[in-house]
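Biologist: Could you put the model up on the screen and talk me through it?
Modeller: Of course, here it is.

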Amino acid sequence: MDLQTLSLLVVGATFALYIGIAIWARAGGTSDFYVAGKGINPIANGMATAADWMSAASFISMAGLIAFLGYSGAAYLMGWTGGYVLMALLLAPYLRKFGKFTVPQFIGDRFYSQTARIIAVISLLVISITYVIGQMRGVGIAFSNILNVDLTIGLISGMVIVFFYAVLGGMKGITYTQIAQYCVMIFAYTVPAIFISLQLTGVALPQIGLGSTLADDRYLLDALDQTLIDLGFNAYTALGGMSLLNMFLLTVALMIGTAGLPHVIVRFFTVPRIRDARKSAGWALVFIAILYTTAPAVGAMAMWNFLNTVQPGEVGSPEGNVLLEERPDWMERWERTGLLQFEDKNEDGRIQYYNDRNPEFAAMAEEQYGWQGNEVIRVDRDIMVLANPEIAGLPNWVIALVAAGGIAAALSTAAGLLLAISSAISHDLLKGVIAPKISEKTELWAARISMAAAILLAGYLGLNPPGFAAEVVALAFGLAAASLFPTLMMGIFFKNMNKQGAIVGMLVGLLSTLVYIFLFKGWFFLPGTNVLPDTPDGWILGINPSSFGTIGAILNFASAILVAKVTAPPPAHIQELVESVRVPRAG
Amino acid sequence: MSQEEQRSLYWKTNLRIIAGCLIVWALVSLVLGILLAIPLNHFSIGGYPLGFWIAQQGAIYTFLIIIFFYAWRMNRLDRQYDVDEQ
């Protein structure tokens, strides 16, 4: 069977599975729809959280990001997992004890203020909508680059599937589909990784393989360091791509941002008890760690394979590089998607890949080797995962599986985000602010209609992605770190935090982060409107806009505490609410 | 002890446990994994330079241990102060 048919069959089978689950797990009421009736087993919730959390970016892009950043890629690995410690220790058990449906609802009740609730809704909408655009792109990449299906058809079929289980089942349908999607995703990620690790090092576990030796008895990481240095790059295990300060700030921003993402926090509202919420965060991280500890091996091994394909012989010898005509089939296949491009600049019929931005090395290479510049003019980092099975020479069904895994990763995250968006609209804005008197049945219908509208919006944005799609992901994490996390944490841990403090803190965090990003990326991302150049020299104190969430969070804490000190403390019933949230069994 | 004092002692103990966990969390990831990673790379675990291993593998395993330890410790504390869910 050819690759195309096989891939479509595998993806079709997973879609049929998701629809089956949707019909089985319909929502009976608003509690089912918003928090799956608070009846999800903690291990099952951990698995669903992992699928919810691991997006197209984790599945398709992260290993490639690490491959090109080397050691510094750890900012993403630690940032995106370390946030779960903050969530498990500082938020999840207390918000579960509070026992309502949404994150803005907690902020509104705790700070006895509709204004606070509305600011939280606005943060939630900005964070979740920007995030959903990335997922729609992921669905598109999987369909158009792996399956060779038209982007529009791929996106629409993805949207129809999500529509089915999200509108029918709400959180309940989404949770059970996410469990299935986690299984598809993790199988698709680890199978090629195990095969590649076996081929290179003879060790099946990629986590061990990365620290093992190659066939020639050199350690894989030593050999990779050496080859990269020979080609004028930084060593793989050395700091690269960012300063130590920015790596530190980026890691912290991603950690706090992860803990403040509303679509993940709300997953801990779905378990029956407080102790389940504590444990469930651990299980979520177990399932996430399986992929996140495999990714560094996938990145390094894909980089090693890539370098050795281009440079099979000694660096600098005339026959050291691969002949353009003899390059492997997978390269030609990926050139057709535009993700990989070569240009034979010195017309020697061979491909040279080296760091021509390193002036010393470039001058030496030109003089001694006759190289006229880096000839791999485009290598999209997503290739490192997408082409992995082909590079390792794995059978077609594995390639089909990677496509299904990428789609599962994107759809599961999209569904979680869409639920956060629709419940903020139906529960926080409609039921909470505009029309508090509507019946549960009307609210459920409103939730379904806003879910459908959110899906249409996401689909539209997926088909017409704004040019700044990649930039706004940094914005989502920065805003979550600067606005929601500090406010939630102070709501639980600072009994005297009042409404004025919370509102000022959220606004200061939100606006300072937005302004700092806009200063370098342009106002509302309009090209050419940036005030300062977006380069390490232009950044204030050398702080990258993506890392600013850490500073925004500090500003939020500081201004909130200052304002709370000079204004009246919260009323007695609010202080009692805080007391009750802190203790598992209490009125 | 009155119920109020009990509650306040329960909360203080909880804060101490959280502080301990977060110190380990920050020490492993931010200090060993980032600030001291380059000097730590002079040591190695198998073929992994130590700083690199902590940043790309070890920190994640540490996070897991912290979360499960906290869940276990808090369940014990809940029973000790008789505030656990029935």
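**Two chains and how they meet**

Modeller: Please keep in mind that this is a predicted model. To begin with the contact between the chains, 37 residues of chain B are in contact with 42 residues of chain A.

Biologist: Which elements of chain B give two or more residues to the side that touches chain A?
Modeller: They are α1 (3-35), β2 (48-49) and α3 (50-80) of chain B, and α3(B) gives the most to that side, with 16 residues.

Biologist: And how do the residues on that side of chain B divide into nonpolar, polar and charged?
Modeller: On the side of chain B that touches chain A there are 25 nonpolar residues, along with 8 polar and 4 charged ones.

Biologist: Staying with chain B, in what order do its elements run from the N terminus?
Modeller: The order is α-α-β-β-α, which fits a total of 3 helices and 2 strands in chain B. The radius of gyration of chain B is 18 Å, well over the 12 Å that the globule rule gives for 86 residues, so chain B is more spread out than a compact globule. Along the principal axes, the C-alpha atoms of chain B fill a box of roughly 55 × 25 × 15 Å, and buried residues make up 34% of the 86 residues.

Biologist: What about Gln6(B), is it buried or exposed?
Modeller: Gln6(B) falls between those two classes: it has 14 other C-beta atoms within 10 Å, while a buried residue needs 20 or more and an exposed one has 12 or fewer, so Gln6(B) counts as partly exposed. Gln6(B) lies in helix α1 of chain B and, leaving aside residues up to four places away in sequence, touches Met1(B) and Tyr81(B).

Biologist: How many ångströms separate the C-alpha atoms of Gln6(B) and Gly58(B)?
Modeller: They are separated by 38 Å, the two residues being 52 residues apart along the chain.

Biologist: Switching to chain A, how many helices and strands are there?
Modeller: Chain A has 23 helices and 2 strands. The radius of gyration of chain A is 25 Å, close to the 25 Å that the globule rule gives for 587 residues, so chain A is as compact as a globular protein of that length. The C-alpha trace of chain A spans about 80 × 55 × 45 Å along its principal axes, and buried residues make up 58% of the 587 residues.

Biologist: What does the domain assignment give for chain A?
Modeller: Domain 1 covers 3-292 + 394-466 and domain 2 covers 305-389, with 34 Å between their centres, taken over C-alpha atoms. Their contact takes 21 residues from domain 1 of chain A and 17 residues from domain 2 of chain A.

Biologist: Which helix supplies the largest share of the domain 1 side?
Modeller: That is α4(A), with 7 residues on the side of domain 1 that touches domain 2. The residues of this side divide into 15 nonpolar, 5 polar and 1 charged.

Biologist: And how do α4 and α18 of chain A cross?
Modeller: The axes of α4 (residues 56-69) and α18 (residues 396-434) of chain A come within 6 Å and cross at roughly 130°, which makes α4(A) oblique to α18(A). In this contact, Ala56(A), Ser58(A), Phe59(A) and Ile60(A) of α4(A) meet Gly405(A), Gly406(A), Ala409(A) and Ala410(A) of α18(A). By class, the contact of α4(A) with α18(A) has 5 nonpolar, 3 polar and no charged residues.

Terms used:
Residues numbered from 1 in each chain as written. Chains lettered and ligands numbered in written order. Predicted model: local features only at pLDDT ≥ 70, side-chain atom pairs only at ≥ 80, totals over all residues. Helix = DSSP H or I, 4+ residues; strand = E, 2+ residues; numbered from the N terminus. Rg over C-alpha atoms; globule rule 2.2 N^0.38 Å. Contact = placed C-beta atoms within 7 Å. Nonpolar A, V, L, I, M, F, W, Y, C, P; charged D, E, K, R; others polar. Axes fitted to C-alpha atoms, helices over the stretch in contact; angles between N-to-C directions. Parallel < 35°, antiparallel > 145°, perpendicular 65-115°, else oblique. Domains from an automatic or database assignment.
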